Amino acid sequence: MRITETWITEPGLQALMAAISQGDHAIYLVGGCVRNALIGQPVSDIDLATDATPAEVTALCEAA
């Protein structure tokens with residue numbers, strides 16, 4: 001099953017995911033946003049998981 005809702009293509013989310021993944025880190029959508037998308041419920045918040053440290057996330061986002 002694929003998640004195709006419009007929130008997944010929001011420019012801010014895409015920019016954040018691109019910034020972190022360009023630092024050779026993995027980034028995943030997790031939690032309630034995935035669950036709600038799969039069961040057809042509204043998504044009210046977006047949770048992400050990454051193998052980047054908080055300092056790396058900050059540096060990558062500032063560089064972007």
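A polar contact is a pair of N or O atoms within 3.5 Å, of which, within protein, one must be able to donate a hydrogen and the other to accept it. The views below are taken from a predicted model.

**View 1. Aspartate 51 and the polar contact of its side chain with histidine 25.** Aspartate 51 lies in the loop that runs between strand S2 (47–50) and helix H3 (54–63). In this view the side chains of aspartate 51 and histidine 25 are joined by a polar contact of 3.3 Å, and the side chain of aspartate 51 also reaches the backbone nitrogen of alanine 26, at 2.9 Å. When neighbours within four places in sequence are left aside, the residues in contact with aspartate 51 are His25, Ala26 and Glu56. Aspartate 51 nevertheless counts as exposed, because its relative accessibility is 51% and the cut-off for exposed is over 50%. Serine 21 may be used as a further landmark: 30 residues separate serine 21 from aspartate 51 in sequence, while their C-alpha atoms are 10.0 Å apart in space.

**View 2. Helix H1 (residues 11–22), with its buried and exposed residues.** Helix H1 contains 12 residues and spans 16 Å from its first C-alpha to its last, close to the 16 Å expected at 1.5 Å a residue. The residues Leu13, Met17, Ala19 and Ile20 of H1 are buried. These four lie on the same side of H1, because they cover an arc of only 160° around the axis. As a general point, an α-helix has 3.6 residues a turn, so residues three or four places apart point the same way. The buried residues of H1 pack against strand S1 (27–30), S2 and H3, whereas Pro11 and Gln22, on the other side of H1, are exposed. Just after H1, aspartate 24 adopts a positive phi of about 60°.

**View 3. Cysteine 33 and cysteine 61, with their sulfur atoms.** A disulfide is a covalent bond between the sulfur atoms of two cysteines. Why is the sulfur of cysteine 33 not bonded to that of cysteine 61? For cysteine 33, the closest cysteine sulfur is that of cysteine 61, and the distance of 17 Å is too far for a bond, given that a disulfide requires cysteine sulfur atoms within 2.5 Å. The count of disulfides accordingly comes to 0. The surroundings of the two residues can also be compared in this view: cysteine 33 is buried, with a relative accessible area of 0%, whereas cysteine 61 is partly exposed, with a relative accessible area of 33%.

Notes
Residues are numbered from 1 along each chain as its sequence is written. This is a predicted model: local features need pLDDT of at least 70, side-chain atom pairs count only at pLDDT 80 or more; totals for chains, interfaces and linings use all residues. Side-chain values use heavy atoms; hydrogens and water are left out. Helices (H or I, at least four residues) and strands (E, at least two) are DSSP runs, numbered from the N terminus. Buried means under 20% relative accessible area, exposed over 50%, partly exposed in between (1.4 Å probe, protein chains only). Contact means heavy atoms within 4.5 Å. The expected span of a helix is 1.5 Å times one less than its number of residues. The arc is that of the directions from the helix axis to the C-beta atoms.
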